[in-house]
Amino acid sequence: MANEVQVEKMTDLMAKFIAHTAKKLPDDVIAKLQELRDKEDSPMTKVIYDTMFRNQELAVQLNRPSCQDTGVLQFWVKCGTGFPLINELEALLKESVVKATFEAPLRHNSVETFDEYNTGKNVGKGTPTVWWDIVPNSDECEIYTYMAGGGCTLPGNATVLMPGEGYEGVTKFVLDRMTTYGLNACPPLLVGVGVATSVETAALLSKKALMRPIGSHNDNEKAAKMEKLLEDGINAIGLGPQGMGGKYSVMGVNIENTARHPSAIGVAVNVGCWSHRRGHIIFDKYLNVTITSHSGVEL
Amino acid sequence: MVEIKDGKKILVTPVSKEDLADISIGDIVYLSGSLTTCRDVAHRRVVEEGRQIPVDVRDNAIFHAGPIIRPLDDDKYEMVSVGPTTSMRMEKFEYEFVKETGVRVIVGKGGMKENTERACKEFGAIHCVFPAGNAVVAATEVEEIVDAKWKDLGMPETLWNCRVKEFGPLIVSIDSSGRNYFEEKKVEYNKKKDEQVELISKQVGFIK
């Protein structure tokens, strides 16, 4: 396959996959929402969950984005050094967003900073966001896609705690955010927490944590315990769907971590709304595609 | 007026102050009739610039929202997708806005504060939440886009005057007695949060 043909093929596949993720939620999110819906019993929570499920059905039926805010596109790529399109990848991802924007259609959500105008194409300087992980001795390319909407981007926060504040400080930092900003970010939320050495390392991890499937756990036993404690704790606050009250607040809490400087604990929190439009797609060197996030997709 | 249909309480425009009298925070209602999208700059024009709103919203409803619209032939439009935007951005203007325009039902996302509470109580209005993220449901409850004014503001900010049918669910967040659902809830949430911080803190002493 000539290189241009391959680039065009991958651009097209990515545009179609992005458009699909605007219209249908990933399998794990649908399953979790169903579970939470069944556990709520007040008339208000029932009405809200019924509306959410009717909306997702209508979105597929009418082939429209399920939420009007289709976000800023963010990609986390784990690209093998031997993947044939590694050089073209970043440019083709941008092109695929433009294509999806007109085909889906997606809302134009890229405003150039300082010059303060909407580019009208849903891409701009540094958008879509692309985070790279280079994988040695691999010829595959794994891509997480995410539509970062305005509402669920707003609660994001990061800080550096003194070690004396400890994991108790991490707990307070995360929970404080839930009752101030979280309730307006369309609960039930998926909460991503980064625990690392500085603001940017924690912040990036808090976003990567949102790419992990719901119900997965941190490999570290204590971190996994803290995920559970935070999940139960935030649920006990009882934000319910839309922050209007209920038995549950979150779809889960995912923590990602690194080592830290002895004098600092970097901590960050990021949330995904109930309409958590995350996708995961893997390309082999022939551009054969495996989609793990959504079942029954035909691109 | 108020209509009850299949157990649903439906506000039909024009809505009077009396229609809202026995509606309380936490109630679920629906709306049929005139609903106009109205957000940041339109509020600013009415309140700060003293301009007359070119769509009559008196005894009708406004929606804090920026829709995706598809133009059809003959100056007609189709509602593709419409969802509520954060109402709090309009809080600064809402008392004056309600006073000037006589709007009865304000629909949006999340809570509002004192200015809106005061307006709802003094002039007989309510603020409701349309569950966010449900843009397709909302769009399909719009029967027709009747009129479009202040089109110079661009698609999201244009006043799109819609005829809606059983638009909802709308959850009442501020009622006409000035009670505020979110503010009352927040007291409860914060109390529970403090309890949980204490409870969890006892179990995460990993630095020894």
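**Exercise 1. A residue of chain B and its surroundings**

Which residues does V129(B) touch, not counting residues up to four places away in sequence?

*Solution.* This is a predicted model, so treat each step as a reading of the prediction.

Step 1: Locate the residue. V129(B) sits in strand β8 of chain B, which covers residues 126-129.

Step 2: List its contacts. From chain A comes Q242(A), and from chain B come G108(B), K109(B), L170(B), I171(B) and S173(B).

Step 3: Check the crowding. V129(B) has 25 other C-beta atoms within 10 Å; a residue is called buried at 20 or more, so V129(B) is buried.

Step 4: Compare sequence with space. G110(B) is 19 residues from V129(B) in sequence, while their C-alpha atoms are 6.5 Å apart.

**Exercise 2. The contact between the chains**

Describe the side of chain B that touches chain A.

*Solution.* Start with the counts: 37 residues of chain B are in contact with 44 residues of chain A. Next, find the elements involved. At least two residues each come from β6 (77-81), α4 (135-140), β10 (159-174) and α5 of chain B. Of these, α5(B) gives the most, with 11 residues. Finally, sort this side of chain B by class: 20 residues are nonpolar, 13 polar and 4 charged.

**Exercise 3. A helix and its packing**

Work out how the length of α8(A) compares with the expected value, and what its buried residues pack against.

*Solution.* Begin with the span. Helix α8 of chain A runs over residues 221-237, and its 17 residues reach 25 Å from first C-alpha to last, close to the expected 24 Å. Then pick out the buried positions: M226(A), E227(A), L229(A), L230(A), G233(A), I234(A) and I237(A). The spacing in that list is worth a moment: an α-helix has 3.6 residues a turn, so residues three or four places apart point the same way. Now look for the partners. In chain A the buried residues of α8(A) pack against α6 (166-180), β7 (189-196) and β8 (250-257), and in chain B against α5 (181-201). Just past the helix, G238(A) has a positive phi of about 75°.

**Exercise 4. The sheet of chain A**

Trace the open sheet of 5 strands and place the helices that lie on it.

*Solution.* Write down the order, β4-β1-β5-β10-β11 of chain A, with mixed pairing. The edge strands are β4 (129-135) and β11 (289-291) of chain A; each has a single partner strand, so one side of each lacks a neighbour in the sheet. Neighbouring strands are turned by 20° against each other on average, direction ignored. At one edge, β10(A) (278-283) and β11(A) pair in the antiparallel sense over 3 bridges, and I282(A) has T290(A) as its bridge partner. Now add the helices. Helix α1(A) (3-23) lies across β1, β5, β10 and β11 of chain A, at about 40° to β5(A). Helix α4(A) (89-103) touches β1, β4 and β5 of chain A, and its direction makes about 150° with that of β1(A).

**Exercise 5. Two domains**

Characterise the contact between the domains of chain A.

*Solution.* Set the bounds: domain 1 takes 1-149 and 276-299 of chain A, and domain 2 takes 151-272. Their C-alpha centres lie 23 Å apart. The contact takes 20 residues from domain 1 of chain A and 21 from domain 2 of chain A. On the domain 1 side, the largest share, 5 residues, comes from α2(A). By class, this side has 10 nonpolar, 4 polar and 6 charged residues.

Terms used
Residues are numbered from 1 along each chain as its sequence is written. Chains are lettered from A and ligands numbered from 1 in the order in which they are written. This is a predicted model: local features need pLDDT of at least 70, side-chain atom pairs count only at pLDDT 80 or more; totals for chains, interfaces and linings use all residues. Helices (H or I, at least four residues) and strands (E, at least two) are DSSP runs, numbered from the N terminus. The expected span of a helix is 1.5 Å times one less than its number of residues. A residue is buried if 20 or more other C-beta atoms lie within 10 Å of its own, exposed if 12 or fewer, and partly exposed in between; C-beta atoms are placed from the backbone. Two residues are in contact if their C-beta atoms, placed from the backbone, lie within 7 Å. Two strands pair if DSSP finds at least two bridges between them. Axes are lines fitted to C-alpha atoms, for helices over the stretch in contact, and angles run from 0 to 180 degrees between N-to-C directions. Domain bounds come from an automatic or database domain assignment. Ala, Val, Leu, Ile, Met, Phe, Trp, Tyr, Cys and Pro count as nonpolar, Asp, Glu, Lys and Arg as charged, and the others, Gly among them, as polar.
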